[in-house]
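Colleague: I am new to this structure and should be grateful for a guided introduction. May we look at it together before I put my questions?

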Amino acid sequence: MFRSSNRSDDVSLIGFASVDPVSWVDASRLRDGFATGSYRREWTWLAEIDDRPVARAVWWGPSGAVHPLALHCVIVDPTVPNPELWAAALIRSAHRAYLAAGAVLEPDVVIHAGPGWRDDPVATAAVSWRMQAALDAGLALASETETADGRTRLVLSSVPGVAAVHPVPVPSGPATS
């Protein structure tokens, strides 16, 4: 089952962590985002198997936004095979809901990888399954840029070549390689 979260899911949402060397939304950042409105429970989705959360996706938007602008983090339990399939299903489910609620465009998927990630097989795998999920959900690579600190910012969009014009902050989780 794929669904948006609610307050009763908070323990599960905060319990997600990642060892992948890409940026991700940790518990502290998620709590802060809920407090400021840049992350919201209805923008945070779960995939479940037998009522057990196995994947979490967190969309971001500026405080006060009606709809999210970007997927900031997707984590899949490492014991679950084919993380790209779970992540793609989460993205598709959330995007359908956002469009049904009046969003004009599907939010972008933004992946931040640490310096030298292409030379690290673990980092390459972490980026690859996330990119594959976004591609399988119907998005296309819109841009790839290097930030001042050497990180790579990949943006996948429903409008190829056009990424969100709003700056998307980097999640707080590790992105080192």
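The following exchange goes from the overall fold to individual residues.

Colleague: How many helices and strands does the protein have, and in what pattern do they follow one another?

Modeller: Please note that this is a predicted model. The protein contains 4 helices and 7 strands. Along the sequence, their order is β-α-α-β-β-β-α-β-α-β-β.

Colleague: What share of the contacts with a separation of 6 or more comes from residues 24 or more positions apart, and what share of the residues is buried?

Modeller: For contacts with a separation of 6 or more, residues 24 or more positions apart account for 63%. Of the 177 residues in the protein, the buried share is 52%.

Colleague: Where do the buried residues of helix α2 lie around its axis?

Modeller: Helix α2 spans residues 27-36, and Ala27, Leu30, Gly33 and Phe34 are buried in it. Seen down the axis of α2, these buried residues fall within an arc of 130°, so they line one face of the helix. In general, an α-helix has 3.6 residues a turn, so residues three or four places apart point the same way. For α2, the answer is therefore one face, within an arc of 130°.

Colleague: Which elements are included in what covers the buried residues of α2?

Modeller: One residue of α1 that touches α2 is Ile14: Ile14 lies in helix α1 and touches Ala27, Leu30 and Arg31, leaving aside residues up to four places away in sequence. Ile14 and Leu30 are 16 residues apart in sequence, with 7.2 Å between their C-alpha atoms. The cover of the buried residues of α2 includes α1 (10-15), β2 and β3 (52-60).

Colleague: Is Ile14 buried or partly exposed?

Modeller: A residue counts as buried under 20% relative accessible area. At 24% relative accessibility, Ile14 is therefore partly exposed.

Colleague: Which residue lies over the face of Phe34, and at what distance from the ring centre?

Modeller: Phe34 is one of the buried residues of α2. The residue over the face of its ring is Arg41, and the distance from the ring centre is 4.5 Å.

Colleague: Which elements do the buried residues of helix α3 pack against?

Modeller: Helix α3 has 18 residues and reaches 26 Å from its first C-alpha to its last, close to the 26 Å expected at 1.5 Å a residue. Its buried residues include Trp86, Leu90, Ile91, His95 and Tyr98. They pack against β1, β2, β3, β4 (70-76), β5 (108-113) and α4 (121-136).

Colleague: Which residues take a positive phi after α2 and just after α3?

Modeller: After α2 comes Gly37, with a positive phi near 90°. Just after α3, the positive phi is about 110°, and the residue is Gly102.

Colleague: How many aromatic pairs are there, and what is the geometry of the pair formed by Phe2 and Trp86?

Modeller: The count comes to 3 aromatic pairs. In the pair of Phe2 and Trp86, the ring centres are 5.9 Å apart and the planes meet at 50°, which makes the geometry tilted. This pair links distant parts of the chain, since Phe2 is in strand β1 (residues 2-4) and Trp86 is in helix α3 (residues 83-100), 84 residues apart. At 30% relative accessibility, Phe2 itself counts as partly exposed.

Colleague: What is the geometry of the pair formed by Trp45 and Tyr98, and which residues form one aromatic cluster?

Modeller: Trp45 and Tyr98 lie 6.5 Å apart, centre to centre, with 85° between the planes, an edge-to-face pair. The pair links strand β2 (residues 44-49), which holds Trp45, to helix α3, which holds Tyr98, across 53 residues. Both residues are buried. The residues of the one aromatic cluster are Trp45, Trp59 and Tyr98.

Colleague: Which side chain joins that of Asp9 in a polar contact of 2.7 Å?

Modeller: Asp9 is in the loop between β1 and α1, and its relative accessible area of 7% makes it buried. Leaving aside residues up to four places away in sequence, Asp9 touches Arg3 and Leu46. The side chain that joins Asp9 in the polar contact of 2.7 Å is that of Arg3.

Colleague: Which side chain joins that of Ser23 in a polar contact?

Modeller: Ser23 is placed in the loop between α1 and α2. At 7% relative accessibility, Ser23 counts as buried. The polar contact of its side chain is 2.8 Å, and the partner is Arg151.

Note on methods: Residues numbered from 1 in each chain as written. Predicted model: local features only at pLDDT ≥ 70, side-chain atom pairs only at ≥ 80, totals over all residues. Heavy atoms only, no water. Phe/Tyr/Trp six-rings, centres within 6.5 Å; stacked < 30°, edge-to-face > 60°. Helix = DSSP H or I, 4+ residues; strand = E, 2+ residues; numbered from the N terminus. Buried < 20%, exposed > 50% of the residue type's maximum accessible area, 1.4 Å probe, protein only. Lys NZ or Arg CZ within 6 Å of the ring centre and 35° of its normal. Arc of directions from axis to C-beta. Contact = heavy atoms within 4.5 Å. Polar contact = N/O pair within 3.5 Å; in protein donor to acceptor, adjacent residues only side chain to side chain. Expected span 1.5 Å × (residues − 1).
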